[in-house]
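Visitor: I am new to protein structures and would like to learn how to read one. Could you show me, feature by feature?

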Amino acid sequence: MKIRGDVNIILMGDPGVAKSQLLKYVAGVAPRGVYTTGRGSSGVGLMAPVTRDDNTGDLSLEGGALVLADMNVCCIDEFDRMEDSGTAIHEVMEQQTVSINKAEITATLNVRAAVLAAANLLYGRYNRKKNLSENINL
């Protein structure tokens, strides 16, 4: 039986409780830790975007933050503001690979990284009148 050694964690809480500072610290302490923010990022950009070379016009595959954090930890801040966060990152956290099949490039890259993410609650602050799943939008 194969046991995966990486644990994925999401920190959720009110703004201003030092979630971002904790992520930055972890990324700084880890030997190949990567810190990125979900604001303005897509799940595809975190994994491996396909780019076109300006000079030759050839297509190439670039490693995103998750690929660069292989065998280490990737800290993703503002996970709740990331575009298409749920579907794009699912394969990475479950299978520890990312499959690319676009622009005539087909590849499977290893992403054996633990994901440490931070997000704010759905209403900005914890609403005591709502239950936990309603506060975190499950």
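Guide: Let us go through the sheet, the cores, the cysteines, a salt bridge and a few loop residues. Please keep in mind that this is a predicted model.

Visitor: Let's begin with the sheet. In what order do the strands lie, and how do they pair?

Guide: Strands of a sheet pair through backbone hydrogen bonds, and the pairing is either parallel or antiparallel. Here, four strands form an open sheet in the order β1-β8-β5-β2, and the pairing is parallel. At the edges are β1 (9-13) and β2 (34-37), each of which pairs on one side only. Going from one strand to the next, the twist averages 15°.

Visitor: How many bridges join β1 to β8?

Guide: Five bridges join these two parallel strands. To find one of them in the picture, start at Gly 13 and look across to its bridge partner in β8, Asn 120.

Visitor: What should I look for when I want to find a core?

Guide: In soluble globular proteins, nonpolar side chains tend to be buried together. The largest nonpolar core in this model has 21 residues, and those touching the most other members are Leu 66, Ile 76, Phe 79, Val 92, Val 98 and Val 111. At least two residues of this core come from each of α2 (43-47), α3 (65-68), β5 (73-77), β6 (97-102) and β8 (114-120). There is also a second, separate core of eight residues, among them Ala 30, Val 73, Cys 75 and Ala 118.

Visitor: You mentioned a cysteine. How many disulfides does the structure have?

Guide: A disulfide is a covalent bond between the sulfur atoms of two cysteines. A search of the whole structure finds zero of them.

Visitor: Why do Cys 74 and Cys 75 not form a bond?

Guide: The closest cysteine sulfur to that of Cys 74 is in Cys 75, but it is 6.8 Å away, which is too far for a bond. The cut-off for a disulfide is within 2.5 Å.

Visitor: Are these two cysteines buried or exposed?

Guide: Cys 74 is buried, at 0% relative accessibility, and Cys 75 is buried with a relative accessible area of 0%.

Visitor: Now for charges. Which residues form a salt bridge, and how far apart are the closest N and O atoms?

Guide: To count as a salt bridge, a side-chain nitrogen of Lys or Arg must be within 4 Å of a carboxyl oxygen of Asp or Glu. The count comes to one: Arg 112 pairs with Asp 70, with the closest N and O atoms 2.6 Å apart. Arg 112 is in the loop between β7 (105-110) and β8, and Asp 70 is in the loop between α3 and β5, so the pair ties together parts that are 42 residues apart in sequence. Arg 112 is partly exposed at 32% relative accessibility, whereas Asp 70 is buried at 12%.

Visitor: Where is Asn 72, and which residues does it touch?

Guide: Asn 72 sits in the loop between α3 and β5 and is buried, with a relative accessible area of 15%. Leaving out residues up to four places away in sequence, Asn 72 touches Ala 30, Pro 31, Arg 32, Gly 33, Arg 112, Ala 113 and Ala 114.

Visitor: What can I look at in the backbone itself?

Guide: Try the phi angle. Glu 78 is not a glycine, yet its phi is positive, near 55°; Glu 78 is in the loop between β5 and α4 (85-88). Gln 96, also not a glycine, has a positive phi of about 60°. Gln 96 is in the loop between α5 (90-95) and β6, and is buried with a relative accessible area of 13%.

Notes:
Residues numbered from 1 in each chain as written. Predicted model: local features only at pLDDT ≥ 70, side-chain atom pairs only at ≥ 80, totals over all residues. Heavy atoms only, no water. Buried < 20%, exposed > 50% of the residue type's maximum accessible area, 1.4 Å probe, protein only. Core = buried A, V, L, I, M, F, W, Y, C linked by side-chain atoms within 4.5 Å. Pairing = 2+ DSSP bridges. Axes fitted to C-alpha atoms, helices over the stretch in contact; angles between N-to-C directions. Contact = heavy atoms within 4.5 Å.
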